[in-house]
Structure formats: structure tokens, C-alpha cells
Amino acid sequence: VNANQSPGMLAAVNAPDLAVHKATTNGPIAIVTSYNTSTSSGQLAFYVERMARKGIIGIAMANSPEFVAAAQGGKPVFGTNPIAVGIPQKDAVPFTFDMATSAIALFGLLTSKAQNTPLPSNVAYGKDGGWTTDAAEVLDGGAIATFGGHKGAGLALCIELLAGALSG
């Protein structure tokens, strides 16, 4: 789905329905991407739940601008690169799981800055590569940490490669 620089949520809202249609008419797996958006696609759980409510397992991934360092002291090389999964449940609300591969989502960082409140410990680095709880410092040359150290960095890289390659 080429968004033609429209907001990400407007483009992405069509992707789950298209994926469900493709999976139910063409086979068990469908890959649908949205790209060329002007903004974030928002909470990915919304899209996978939409698929799961129609009986299809949904997986959504997104790459984004570089805000996340692979390790302490490193430069930002990943986006927050979220992943979400939606699984249908018989006679119940679908199971959904949605997470960023960063230690804090970008919106958490922006909220902290806007409210002038400290970040939780060990979620972001300052310009010097050391830990900081100052969101403004992170946004001015610092970086967000990955969740789970090298495992989070590995998952962030997988999402970067898959989401980037599949969406063109």
C-alpha cells in the first residue's frame, strides 16, 4: 500500500483487511506492506487485532528513523522497530502483543521531555554514551537503548531487515 506521503495510520489501516483477503483467497500466508508514509503507523496491536478478529494470525513490524543504539556508547542505528502479534481465540478477545525493540518507545521519550519528567533508569544514553534520565539530552545527540541488550539489538536488526526489505 503506497501511502503517497499520507499519514501512516491511514495507509496501514487498509493493510490488515488486504492481508486477510489475500490469506483467505490465495493461501495460508499473505504479506502486505505500507510504505512511503509521512508519519508513524501508530500502535501495531490495532492492526494485528483487526486480523485476529477475522480468524487470521497477524504479525506486524515497522522500521523507523534511527533513534536506538545497538550498545552503550554507540550511535543510533535502529529505529524503535516495533513488532506485534495477534492470535485469534475461540469465543474470546484475540491475544495481542505489541512491543518496541527499544528500552522505551519514542513516544515515551517525547512525553518525558514534554512533561519535564525523568526517564526511567537505563533506557537511554546521553551524547557521551553514558546512561541518562534526561529526555532532552537523548534527543540532542544521545540514543535510546535496546531492550534486553544484545538480544534486543538482534531482534531490532531482524525487524529492520524484514520491514525494510518487504516494504521496498
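Author: Let's start with a term: a residue is buried when its relative accessible area is under 20%, exposed when over 50%, and partly exposed in between (1.4 Å probe, protein chains only). This is a predicted model, where local features need pLDDT of at least 70, side-chain atom pairs count only at pLDDT 80 or more, and totals for chains, interfaces and linings use all residues. Residues are numbered from 1 along each chain as its sequence is written, and side-chain values use heavy atoms, leaving out hydrogens and water.

Reader: Cool! Which residues of helix H3 are buried?

Author: In H3 (residues 45-52), they are Ala45, Tyr47, Val48, Met51 and Ala52. Helices here are DSSP runs of H or I with at least four residues, strands are E runs of at least two, and both are numbered from the N terminus.

Reader: And why are they on the same side of H3?

Author: Because they cover an arc of only 165° around the axis; that arc is taken from the directions from the helix axis to the C-beta atoms.

Reader: What do they pack against?

Author: Helix H1 (8-12), helix H2 (15-26), strand E1 (58-61), strand E4 (83-89) and E5. Contact means heavy atoms within 4.5 Å.

Reader: New topic: where does Ser102 lie?

Author: You'll find Ser102 in the loop between strand E5 (92-99) and helix H4 (106-115).

Reader: Is Ser102 buried or exposed?

Author: Ser102 counts as buried because its relative accessibility is 5%. Beyond neighbours within four places in sequence, Ser102 touches Val68, Thr80, Ile144, Ala145, Thr146 and Phe147.

Reader: Last one: what about Ile59, buried or exposed?

Author: Ile59, found in strand E1, is exposed, at 56% relative accessible area.
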